[in-house]
Amino acid sequence: MGCCSVSARQAASAGARQDEVELLEIGGSRKWSISEAQSESSLHLRDHVITTETGGAAALWGRTRAELRNFLFAQPIAGWEGESIHSLGEIVWSSLVFMRTCHMEEMSERYLVLFSFQLLILSVDHMQKTFTYQGLIPLAGMSVREVPSDTGCVFEITGSMIESRIISCLSPDEFHIWVLSTRHHIKMANAHCSACPSNILKFLV
C-alpha cells in the first residue's frame, strides 16, 4: 500500500467555510471535502472519491482496492448466507485491519468493508486468498471513539445492539479515512432510520 499523508486546510469565504482534506499518494492524489451545511457537525464527504482506487497501490494479495472490490462482488464469500452482497450497495471503503472484542485478549486480522448503511467483517485466508464471513453490523445507532495508543491508529465502535470492537489500522492515513467516513455514514444511517422507522426492524433482523 503506497505511502500517503493527510493535511487539512481551511478556506474562508462570505457566509461559507470549507475544510479540505487532501490525500497525496505515490502516483496520484485524491481529495474529498468536509463542508458545513446545516450545522458545524454535518459532514459531506464526496463518496465517489472515497470509493475511487487510491493511487493504484496494492491493497492485499497484490490486488488494488478496485480489484478487491470486484473480487468481493464476483467470488463467493465462505459462510455468507441470505441475499447477495450486491444488495448492500456500493462499497465506500475497505482495508485490512486488526480487531478484537471485549472478550478477546489478542487482535485478529480482519478485512473491513464499509457500505452506506452497514459494516461487513471478513476474516482472511492468505494461503487460499479467500474471505470468510464474520459479521454484518448496521451503522444506525453505532458510535465511533478514537482510542489513545502508541500508534495513534486505533478506534472503537460501539452501539446498544452490537458488541464493542477495538480496531487498529495499519497506518494513520487509513485510520483517518475510517474514522471520518464511518462517522459520516453513521449520521446518514441514523437519518435514514429516523425517516423510515420500519428500517430499524430490518437492520436488527
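**From a surface patch into the core**

Let's start at Phe 98, which sits in strand 6, the stretch covering residues 91–101. Keep in mind as you look around that this is a predicted model. Phe 98 is partly exposed, because its relative accessible area is 32% and the partly exposed class runs between 20% and 50%. On the surface, Phe 98 joins Met 107 and Leu 170 in a nonpolar patch. Together, the three have about 250 Å² of accessible area.

Now let's head inside. The largest nonpolar core is made of 24 residues, and the ones with the most contacts inside it are Leu 112, Leu 119, Phe 155, Ile 157 and Trp 178. Several elements each supply at least two residues of this core, among them strand 6, strand 7 (108–115), strand 8 (118–125) and helix 3 (172–195). Helix 3 gives the most, with six residues. There's also a second, separate core of 18 residues, and it includes Leu 60, Ile 91, Val 113 and Val 124.

Back to the largest core and one of its best-connected members, Ile 157. Leaving aside residues up to four places away in sequence, Ile 157 touches Leu 119, Ile 137, Met 142, Ser 143, Val 144, Glu 163, Ser 164, Arg 165 and Ile 167.

Pick Ser 164 from that list, and you land in strand 12. With the same sequence neighbours left out, Ser 164 touches Arg 100, Thr 101, Cys 102, Glu 156, Ile 157 and Thr 158. What does the side chain of Ser 164 make a polar contact with? Its partner is the side chain of Glu 156, at 2.4 Å.

Definitions and conventions: Residues are numbered from 1 along each chain as its sequence is written. This is a predicted model: local features need pLDDT of at least 70, side-chain atom pairs count only at pLDDT 80 or more; totals for chains, interfaces and linings use all residues. Side-chain values use heavy atoms; hydrogens and water are left out. Patches are made of residues with over 30% relative accessible area and no salt bridge: like charges are joined within 9 Å, nonpolar side chains (Val, Leu, Ile, Met, Phe, Trp, Tyr) within 5 Å. Accessible areas come from the Shrake-Rupley method with a 1.4 Å probe; for residues, only the protein chains shown count as cover. A salt bridge is a side-chain nitrogen of Lys or Arg within 4 Å of a carboxyl oxygen of Asp or Glu. Helices (H or I, at least four residues) and strands (E, at least two) are DSSP runs, numbered from the N terminus. Buried means under 20% relative accessible area, exposed over 50%, partly exposed in between (1.4 Å probe, protein chains only). A nonpolar core is a set of buried Ala, Val, Leu, Ile, Met, Phe, Trp, Tyr and Cys residues joined through side-chain atoms within 4.5 Å. Contact means heavy atoms within 4.5 Å. A polar contact is a pair of N or O atoms within 3.5 Å; within protein, one must be able to donate a hydrogen and the other to accept it, and residues adjacent in sequence count only if both atoms are side-chain atoms.
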